Amino acid sequence: MASHIVGYPRMGPKRELKFALESFWDGKSSAEDLQKVAADLRASIWKQMADAGIKHIPSNTFSYYDQMLDTTAMLGAVPDRYNWTGGEIGFDTYFSMARGNASVPAMEMTKWFDTNYHFIVPELGPNTKFSYASHKAVNEYKEAKELGVNTVPVIIGPVSYLLLSKPAKGVEKSFSLLSLLEKILPVYKEVVAELKAAGSSWIQFDEPTLVLDLHSHQLEAFTYAYSELESSLSGLNVLIETYFADVPAEAYKTLTSLKGVTGFGFDFVRGPQTIDLIKGGFPSGKFLFAGVVDGRNIWANDLASSLNTLGALEGIVGKDKLVVSTSCSLLHTAVDLANETKLDKELKSWLAFAAQKVVEVNALAKALAGQKDEEFFSANAAAQASRKSSPRVTNEAVQKAAAALKGSEHRRATNVSARLDAQQKKLNLPVLPTTTIGSFPQTVELRRVRREYKANKISEDDYVKAIKEEISKVVKLQEELDIDVLVHGEPERNDMVEYFGEQLSGFAFTVNGWVQSYGSRCVKPPIIYGDVSRPKAMTVFWSSLAQSMTSRPMKGMLTGPVTILNWSFVRNDQPRFETCYQIALAIKDEVEDLEKAAVTVIQIDEAALREGLPLRKSEQAFYLDWAVHSFRITNCGVQDTTQIHTHMCYSNFNDIIHSIIDMDADVITIENSRSDEKLLSVFREGVKYGAGIGPGVYDIHSPRIPSTEEIADRINKTRKYSEVKPALSNMVSAAKLLRTQLASAK
């Protein structure tokens, strides 16, 4: 019985690749050092899969930065600004495209479908020249073969590559990217010919865009591309892999009738509806790669349930044509549970990281072939049962409170303009008040204090004293700069989600559960395993301490429920919205406690609201409805005089502007420095928005300091203090300049 893995994490079990990359970028190690770390990681992954009994082991899913960038390199589609002169693309050009260099900016980065992974977006136009410029796919196939592992080379398919690209600067926005198909297919043919010559028997093309809402001309592009490639592919087994959702009926028809294709891969975790299409007809003699093991979460598979699904599919496609697989690449989950020393035994039995998922895939394949490992299956069944019945998972009071939410809209009693009037009477702010988003730079010293307190090396008194000093410094700085609404700087916080999760019940934390976000940057999502509640106040102590240091309003700073949800590994035993409502109730308690403690401006960040947006139009309204409702739950109980802010990261929200208005915050602060007013235009053009808007005028992700004039013109967390202070000073000057202009205009 055959087994298959769609792709595997590249960073290594202890982020070995991250540290090797950063050392190379800092000039502390050589290209050879970096290549050695990478080769060792690849070899250990291939060996691990081979030892586990996996038949179809992927190669070329490793990357030094990103798989779409690797494809851009393969096609030689380097934007002119990098002055690439041809030949095999090396680290210099590759990392310049990914990260920019001293003279030119990086290529744009955007989210990979609805995951928290980001890819480098190809910039293409009618004059882009394509040539076979990176032999990585073939080199990695040969490298594995020399180690005695015959792999399946994985390449982003030509149609998805183009559909995920964007027109380069200066190219008409209406330019048809698909018109480049005939220009890139010759390079794909060269790659295929080389793989064939090297002895490859299978090749995997990832075409995940097939799960999106596509127009008929986009579907026709798949038919055209694969019939063009058909003769080159003859003699090879070709797998087309899809993931992240079910495949719509029209796309399924197109996909299953593609020429020269041997097998089709589907995600049955996020796209179970595809099973109905398969029952309605599957091309005879073709392979079905059944993605039953979740590549995007950390829960152990329910093996008995998966076996049922596989049994039903086997009846349709035949025993020798069913391959057990992961739902998508394991890139989106943590690497290895073996490195988790702090999780208790019960919780650990409920989990499976990438290394454990490989074992699950093989166990299912063997069971189908009649070699069921009874011991493995019964341990799995016991763990599933303990998770269902554990008192740690279910909290009656929380279930009741969440059920009681049904039937109310949870809106504040008065409308936003009346509230803003009441708030202004109380807060007495100038026209164009100034504030910051919240976190001030974290010094090395500060990180040390937090680390030592966590390790019980310093007393609580010493810790509080150190944090208090830092807050006092930040308050003084803002007063000197004459900022109107202050923040305490968040010196006590490690992360905007983890800080809250550590104080809520129902959350667990890993030591090495890192997942790649982009390049060398990894995130460590908390695990939500049970009903969520707030045992005691989380931020009130620090916020009221900070408020006592100044007569100006001090903002309370919270992370919103939707962001906490979207940046965590979420329990899969109840709908996501139920978990979100539970988190909302916990944050509501906190908001009301802050208000009681005389904190009158409270910011509830929803940086990741848009990240959870489903891929398909038909499912988006339902998501936006419960996400926005969750936000309103957090602050529906406060008085009119309490000002609720929310903050949104830069993301294209023209399409969700009505939902943002429906959040009914008093003030929304949005990133406006990078997209140069593009975002603000939404609020001007025909949308009635009565609340306050705070356009962000200083981009914290860039070391550049904008001038007073530049900021004034516009109005019309990772930086150093040396950059923050002058930028904030310019922001206040700009506001004052505009106040005088507005006053004289009156």
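This is a guided tour of one protein model, with a suggestion at each stop of what to select and what to look for there. The model is predicted, and this is worth keeping in mind throughout the tour.

**Stop one: the largest cavity**

Begin by selecting Asn60, Thr61, Gln67, Val154 and Ile156, which are the closest to the centre of the largest cavity among the 23 residues that line it. This cavity has a volume of about 280 Å³. Now colour α3 (67-74), α5 (136-146) and β6 (152-156), the elements that give two or more residues each to the lining of the largest cavity. Which element gives the most to this lining? It is α3, with four residues. If you then colour the lining of the largest cavity by class, you will find that it divides into eleven nonpolar, eight polar and four charged residues.

**Stop two: the second largest cavity**

Next, select Tyr8, Pro9, Arg42, Ile45, Trp46, Met49, Pro58, Ser59, Asn60, Thr61, Phe62 and Glu140, which line the second largest cavity. About 80 Å³ of space lies in this second cavity. Two elements, α2 (31-52) and β2 (58-59), each supply at least two residues of its lining, and α2 gives the most, with four residues. By class, the lining of the second largest cavity has seven nonpolar, three polar and two charged residues.

**Stop three: strand β10 and its neighbours**

Move along the chain and select residues 263-267, which form strand β10. Why can this strand be called largely enclosed by the rest of the structure? The reason is that five of its five residues are buried, where buried means under 20% relative accessible area. Showing the side chains helps here, since Gly263, Gly265 and Asp267 point one way from β10 while Phe264 and Phe266 point the other way, and all of them are buried.

Keep β10 in view and add strand β9, residues 237-241, which pairs with β10 in the parallel sense over three bridges. Across this pairing, Glu241 stands opposite Gly265 in β10. To follow the connection, trace the chain from β9 through helix α9, residues 249-256, to β10, and you will have followed a β-α-β crossover that is right-handed.

Now add strand β11, residues 287-293, which runs parallel to β10 and is joined to it by five bridges. Here the bridge partner of Gly265 is Phe289 in β11. The chain crosses from β10 through helix α10, residues 274-279, to β11, and this β-α-β crossover is right-handed.

**Stop four: Asn362**

Select Asn362, which lies in helix α13, residues 354-368. Is Asn362 buried or exposed? With a relative accessible area of 13%, Asn362 is buried. To see what surrounds this residue, display Ser3, Ala52, Gly53 and Ile54, which Asn362 touches when residues up to four places away in sequence are not counted.

**Stop five: Gly148**

Finally, select Gly148, whose place is in the loop between α5 and β6. In contrast to the buried Asn362, Gly148 is exposed, with a relative accessible area of 65%. Add Ala422 to the selection and draw a line between the two C-alpha atoms: Gly148 and Ala422 are 274 residues apart along the chain, and their C-alpha atoms are separated by 74 Å.

Note on methods. Residues are numbered from 1 along each chain as its sequence is written. This is a predicted model: local features need pLDDT of at least 70, side-chain atom pairs count only at pLDDT 80 or more; totals for chains, interfaces and linings use all residues. Side-chain values use heavy atoms; hydrogens and water are left out. On a 1 Å grid over the protein atoms alone, a cavity is a set of points where a 1.4 Å probe fits but cannot get out, and a pocket is an open set with protein on both sides within 12 Å along at least five of seven lines; lining residues have an atom within 4 Å of a point. Grid points are joined across faces, edges and corners, and a volume is the space filled by probe spheres set on the points. Ala, Val, Leu, Ile, Met, Phe, Trp, Tyr, Cys and Pro count as nonpolar, Asp, Glu, Lys and Arg as charged, and the others, Gly among them, as polar. Buried means under 20% relative accessible area, exposed over 50%, partly exposed in between (1.4 Å probe, protein chains only). Two strands pair if DSSP finds at least two bridges between them. A crossover is right-handed if, with the strands pointing away from the viewer, the path from the first strand over the helix to the second runs clockwise. Contact means heavy atoms within 4.5 Å.
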